[in-house]
Amino acid sequence: MEIFEKYASEILFEQPIKYLGITTYPVLMKDAFKFYKCAGVLLINPLDFNDPKVASMSYLELVINLALFQEEFQKNFVDILCMTMHIAEEDIKINSSQEDGMVNYTLLIKQNDVWKTINGGMFTKIKNLICYQNGLEVLNLRENQDIIKAKKALAQQANPTGAPSLQDQIYSVAAETQIDIKDMMNWSINRFNEILKACDRLIHYKIYRSAEMSGMVSFKNGSPIKSWLKNEESTEGKMKDIKEVSATFGNVVK
């Protein structure tokens with residue numbers, strides 16, 4: 001998406017991003033467990049409900065309606081806004097208005113002592129940016145739903161034993177980089193994810209190269225990993241490995 005390319009520098013260097021009048025901040029690793037517990041509120045696919053009414057809602061309308069009936073969901077929604085916008089709970093308000101029997105919602109956010117109004121269309125864009133800024137999947141509703149389901153099924157087949165826990169990943173990066181886990185607390189989640197991928201890429205590159213150079217193994221099209229410097233995967237807003245966070249209502253990552 002073009003928006004992600006526009007803010008590539010801010011995301012790389014862990015800087016806040018001002019977009020549509022709202023400033024969003026990268027979440028730090030010290031808040032990672034809380035963030036992943038709440039992140040499911042940003043990853044709901046409205047089409048999974050198989051309800052035309054839900055499908056016609058804006059994302060903001062959907063999460064507000066869910067929050068009205070589920071206290072835990074409401075808490076997660078508030079917490080994710082506070083973490084990513086650096087605001088307090090009292091800096092969040094919901095306005096509603098009724099027109100032709102339809103209830104319309106707007107979100108009010110107070111930043112720098114100024115109240116800012118976010119409508120449904122704006123919230124979807126800001127939500128997508130928050131996801132990308134923090135290494136979460138950005139849902140593309142224009143993509144064929146059968147393809148989305150097939151991708152999920154393939155991912156589960158590729159990792160039948162489940163993803164490593166966040167704790168597993170932290171200790172693995174510490175072991176590979178020799179960086180103390182305490183020093184990772186102020187990393188952004190995005191930086192951690194990218195370093196984790198780089199470590200994994202480098203380890204696999206060394207394995208393939210060692211096997212190839214031994215003369216006992218040959219690959220039909222050369223080493224599967226051509227360079228440890230290059231990430232062959234798509235970089236468009238996709239969190240790696242922690243599948244639990246994609247649960248609709250944000251399960252705790254254990």
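How many bridges join S3 and S4, and in which sense do the two strands pair? In this predicted model, S3 and S4 pair in the antiparallel sense, and eight bridges hold the register between them. One pairing that helps to find the place by eye is that of Ile-92, which stands opposite Ile-109 of S4.

Before going further into the sheet, a look at the whole chain may help. The chain has 254 residues, of which 39% count as buried. Its secondary structure consists of 10 helices and five strands. Among contacts with a separation of 6 or more, 63% are between residues 24 or more positions apart. The chain exposes about 15,000 Å², and carbon and sulfur atoms supply 52% of that area.

Returning to the strands, S3 and S4 belong to an open sheet of three, in the order S3-S4-S5 with antiparallel pairing. The edges are formed by strand S3 (92–99) and by S5, each of which pairs on one side only. On average, neighbouring strands of this sheet are turned by 30° against each other, direction ignored.

Two helices pack on this sheet. Helix H5 (residues 59–69) touches S3, S4 and S5, and its direction makes about 90° with that of S4. Helix H6 (residues 71–85) touches S3 and S4, and here the direction makes about 35° with that of S4.

The other pairing in the sheet is between strand S4 (residues 102–111) and strand S5 (residues 114–118), which run in the antiparallel sense over five bridges. Within this pairing, Leu-108 has Thr-117 of S5 as its bridge partner. S4 and S5 form a hairpin with two residues between the strands, and in this hairpin Asn-112 takes a positive phi near 55°.

Aromatic side chains offer a second way into the structure, which holds five aromatic pairs. The rings of Phe-4 and Tyr-132 are stacked, because their centres are 4.1 Å apart and their planes meet at 15°. This pair links distant parts of the chain: Phe-4 belongs to helix H1 (residues 2–6) and Tyr-132 to helix H7 (residues 120–133), with their positions 128 residues apart in the numbering. Phe-4 has a relative accessibility of 3% and therefore counts as buried. Tyr-132, at 16% relative accessibility, counts as buried too.

A pair with another geometry is made by Phe-35 and Tyr-36, whose rings are tilted, with 5.6 Å from centre to centre and 55° between the planes. Both Phe-35 and Tyr-36 are buried. Ring pairs also link Tyr-59, Phe-77 and Phe-123 into a cluster.

Which residue lies over the face of Tyr-59? The answer is Lys-127, at 4.2 Å from the ring centre. A similar arrangement can be found at Trp-115, where the charged end of Lys-93 sits over the ring, 4.6 Å from its centre.

Definitions and conventions:
Residues are numbered from 1 along each chain as its sequence is written. This is a predicted model: local features need pLDDT of at least 70, side-chain atom pairs count only at pLDDT 80 or more; totals for chains, interfaces and linings use all residues. Side-chain values use heavy atoms; hydrogens and water are left out. Helices (H or I, at least four residues) and strands (E, at least two) are DSSP runs, numbered from the N terminus. Buried means under 20% relative accessible area, exposed over 50%, partly exposed in between (1.4 Å probe, protein chains only). Contact means heavy atoms within 4.5 Å. Accessible areas come from the Shrake-Rupley method with a 1.4 Å probe; for residues, only the protein chains shown count as cover. Rings of Phe, Tyr and Trp (its six-membered ring) pair if their centres lie within 6.5 Å; planes under 30 degrees apart count as stacked, over 60 as edge-to-face and the rest as tilted. A charge sits over a ring if NZ of Lys or CZ of Arg is within 6 Å of the ring centre and within 35 degrees of the ring normal. Two strands pair if DSSP finds at least two bridges between them. Axes are lines fitted to C-alpha atoms, for helices over the stretch in contact, and angles run from 0 to 180 degrees between N-to-C directions.
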